[in-house]
Amino acid sequence: MKKPKWVVKKEQDKRQAASETVWLFGIHAVRDALMNPDRVRLRLIVTKNASDKLADAIATSGMTPEMADPRSFPAPIDPNSVHQGAALEVKPLNWGDFASRVIGGEGKMPVVVLLDRVTDPHNVGAILRSAEVFGASAVVGTKHGSAPETGALAKTASGALERQPYLRVRNLAESMEELRKMGFVVLGMDGEATETIEGALAARPDRPVALVMGAEGPGLREKTKATCDALVKIPFARDFGSLNVSNAAAVALYATRLTR
């Protein structure tokens with residue numbers, strides 16, 4: 001009996017995911033990946049200078065690095081990348097079950113950031129860094145509409161990728177509904193909203209929060225907006241424009257921390 005197309009596609013995606021590797025680069029990103037016991041590490045390339053800086057992390061990882069000349073760095077990364085003499089080939093992190101990750105584990109009121117078509121790895125990396133700083137439980141993107149785990153993302157995250165769960169889901173609206181059933185209030189960030197984020201948070205002081213951030217330019221999709229409990233904005237002092245998505249996420253996370 002011939003397998004249905006959707007079954008074949010699912011099996012192909014699973015095989016592809018199993019074979020994928022990522023090249024991380026930069027001293028901070030490589031050090032944190034070397035120190036992360038959950039990271040599957042395959043190949044480490046370093047210059048003498050980088051090796052000296054990473055000596056403790058290399059010893060902890062148990063890896064034997066390949067020494068490289070800084071003038072002809074052999075790692076298969078963009079030659080314009082600021083690799084600082086260190087590159088590490090790894091498997092993407094597996095953060096496991098969605099529900100258990102978004103709840104967190106520190107006894108605090110969970111806060112989750114959801115990304116609607118945020119494709120720039122630098123923005124996602126910066127959001128992961130802010131999420132780690134302000135104690136978010138997870139950052140959630142879509143498998144086919146958000147930036148994947150890359151070296152550029154990891155370098156911008158400055159080590160946060162190893163600690164801050166970055167979950168990739170098939171359907172953002174379905175995940176938002178799942179969060180609502182878990183008790184989260186789902187707030188979509190929209191510059192044209194009438195309610196402020198401070199007001200929305202003050203009106204719901206005892207609820208875990210999911211902050212939904214849209215792509216720069218188009219913002220949230222209509223389906224995403226319709227799935228939110230409320231659309232909220234960051235009030236600005238001047239009529240200048242808007243923050244980019246990573247800055248807006250940092251401000252929203254800080255506002256949430258003040259009320260939780």
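A residue is called buried when its relative accessible area is under 20%, exposed when that area is over 50%, and partly exposed in between. Because its relative accessibility is 32%, Arg 117 counts as partly exposed. This assignment, like those that follow, comes from a predicted model. Arg 117 sits in the loop that links strand 5 (111-116) with helix 6 (121-133). The backbone deserves a look here too: the phi angle of Arg 117 is near 65 degrees, a positive value in a residue other than glycine.

Gln 84 invites a similar description. Its phi is near 55 degrees, again a positive value in a residue other than glycine. Gln 84 belongs to the loop between strand 3 (66-67) and strand 4 (86-90), and with a relative accessibility of 41% the residue counts as partly exposed.

The strands on either side of this loop lead on to the pairing pattern. Strand 2 (residues 41-46) pairs with strand 4 in the antiparallel sense, and five bridges connect the two. Within this pairing, Ile 45 stands opposite Ala 87 of strand 4. Strand 2 also pairs with strand 3, this time in parallel, through two bridges. Here Val 46 is the residue that faces Met 67 in strand 3. Strand 2 thus has an antiparallel partner in strand 4 and a parallel partner in strand 3.

Turning to the whole chain, the protein contains 11 helices and 11 strands. Its radius of gyration is 20 Å, close to the 18 Å that the globule rule gives for 260 residues, so the protein is as compact as a globular protein of that length. Along the principal axes, the C-alpha atoms fill a box of roughly 60 × 55 × 35 Å. Of the 260 residues, 47% count as buried. Among contacts with a separation of 6 or more, 78% join residues that are 24 or more positions apart.

At the surface, the protein exposes about 13,800 Å², and carbon and sulfur atoms supply 51% of this area. One nonpolar surface patch, of about 240 Å², is made by Phe 236, Leu 243 and Val 251. Of these residues, Phe 236 lies in the loop between strand 11 (230-233) and helix 11 (245-259). With a relative accessible area of 43%, Phe 236 is partly exposed; membership of a patch calls for over 30%, so the value for Phe 236 meets that cut-off.

Definitions and conventions:
Residues numbered from 1 in each chain as written. Predicted model: local features only at pLDDT ≥ 70, side-chain atom pairs only at ≥ 80, totals over all residues. Heavy atoms only, no water. Patch = residues over 30% accessible without salt bridge, like charges linked within 9 Å, V, L, I, M, F, W, Y side chains within 5 Å. Areas by Shrake-Rupley, 256 points an atom, 1.4 Å probe, with all protein chains shown as cover. Salt bridge = Lys/Arg side-chain N within 4 Å of Asp/Glu carboxyl O. Helix = DSSP H or I, 4+ residues; strand = E, 2+ residues; numbered from the N terminus. Buried < 20%, exposed > 50% of the residue type's maximum accessible area, 1.4 Å probe, protein only. Rg over C-alpha atoms; globule rule 2.2 N^0.38 Å. Contact = heavy atoms within 4.5 Å. Pairing = 2+ DSSP bridges.
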